Amino acid sequence: MQHSTDHQDIDYLNKNLSKAYVLTEALPYIQRFAGKTIVVKYGGNAMTDPELEHSFARDIVLLKSVGLNPVVVHGGGPQVDDLLKQLGRVSERIDGMRVTDTATMDVVEMVLGGSVNKSIVSLIHQNGGRAIGLTGKDGQLISAQKLLMQKTDADGAMREIDLGHVGEVTEINTGVLQTLLNSDFIPVIAPLGVDEQGQTYNINADLVAGKVAEALQAEKLILLTNTSGVLDKEKNLLTGLTTDDVDHLIATEVIVGGMIPKVQCALDAVKAGVKTAVIVDGRVPHATLLEIFTDQGIGTLISN
């Protein structure tokens, strides 16, 4: 019997060959990261685009399926803003941090701990994974204390700003997370912490992801953001940075504004024993897989 090798067959073959190359390129990374913990901070635009939401959930399920231990920490600022707007409330921000009074805290807890968290858990289930949603209150996962923000006035004087129910992490209870990881569940964490008096705090999701990565001594911390990574003054992407490089870029004001807390959190995690931290553009489909399983990676990698 004669085989026809028309254009359609050749296209089909080429397409499948490229898939085979992708899989063989991924193999050494799958072997290297097997059994290792990867903490992924998920937020920004990637959470408001349905196509990106599904692609993120599929990535996380795939990581778990090939033997990695993904832990998801999510934000939800745009969703909180939407509900506040519907309720006729305006939320003030100072240096990117939300001023959170008691009424705003109720909304934050409802959105982050409720609708956003459950939506991510549901998407992971739809894509064949098993996830469990948590806030820092569950199993005393995130112990927190009130964050007092330091601000320098024009005359150089320092003052403290009270942001209300905004907190910082004092401790992560890894027992809860280890139990889930050992049972093949994917933890999905909302960044709410609680103090000894039972007061709930709204905590920056990047900071929570960093502290979770430190506590679990993760192999990698991935921060999905709304930029392609750390850019130099000419707006070129800086792909690989050491902790010393980052300190220098902050001192020389190449890294400014909202990127400082992200980079600082990646820096702290690496200094505390996380192997690498990477700031990645969450608007790129399958950004998580591209970062972990390809030779090039994407985004800005920070390591010791």
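A residue is counted as buried when its relative accessible area is under 20%. In the predicted model described here, 4 of the 5 residues of strand E5 meet this criterion, so E5 is largely enclosed by the rest of the structure.

Strand E5 belongs to an open sheet of 8 strands with mixed pairing, arranged in the order E5-E8-E2-E1-E11-E13-E14-E12. The edges of this sheet are occupied by E5 (131-135) and E12 (240-242); each has a single partner strand, so one side of each is left without a neighbour in the sheet. On average, neighbouring strands are turned by 20 degrees against each other, direction ignored.

At one edge, E5 runs parallel to E8 and is joined to it by 5 bridges. Within this pairing, Leu134 has Ile189 of E8 as its bridge partner. At the other edge, E12 is connected by 3 bridges to strand E14 (residues 300-303), and these two strands also run parallel. Here Gly240 is the bridge partner of Leu301 in E14. The sheet is also packed against by helix H5 (residues 174-182), which touches E1 (37-42), E2 (69-74), E5 and E8 (186-190). The direction of H5 makes about 145 degrees with that of E8.

A further feature concerns the surface. Leu13, Leu17 and Tyr21 make a nonpolar surface patch of about 330 Å². Of these residues, Leu17 lies in helix H1, which spans residues 7-33. Leu17 has a relative accessible area of 38% and is therefore classed as partly exposed, a term used for values between the buried limit of 20% and the exposed limit of 50%.

Key
Residues numbered from 1 in each chain as written. Predicted model: local features only at pLDDT ≥ 70, side-chain atom pairs only at ≥ 80, totals over all residues. Heavy atoms only, no water. Patch = residues over 30% accessible without salt bridge, like charges linked within 9 Å, V, L, I, M, F, W, Y side chains within 5 Å. Areas by Shrake-Rupley, 256 points an atom, 1.4 Å probe, with all protein chains shown as cover. Salt bridge = Lys/Arg side-chain N within 4 Å of Asp/Glu carboxyl O. Buried < 20%, exposed > 50% of the residue type's maximum accessible area, 1.4 Å probe, protein only. Pairing = 2+ DSSP bridges. Axes fitted to C-alpha atoms, helices over the stretch in contact; angles between N-to-C directions. Contact = heavy atoms within 4.5 Å.
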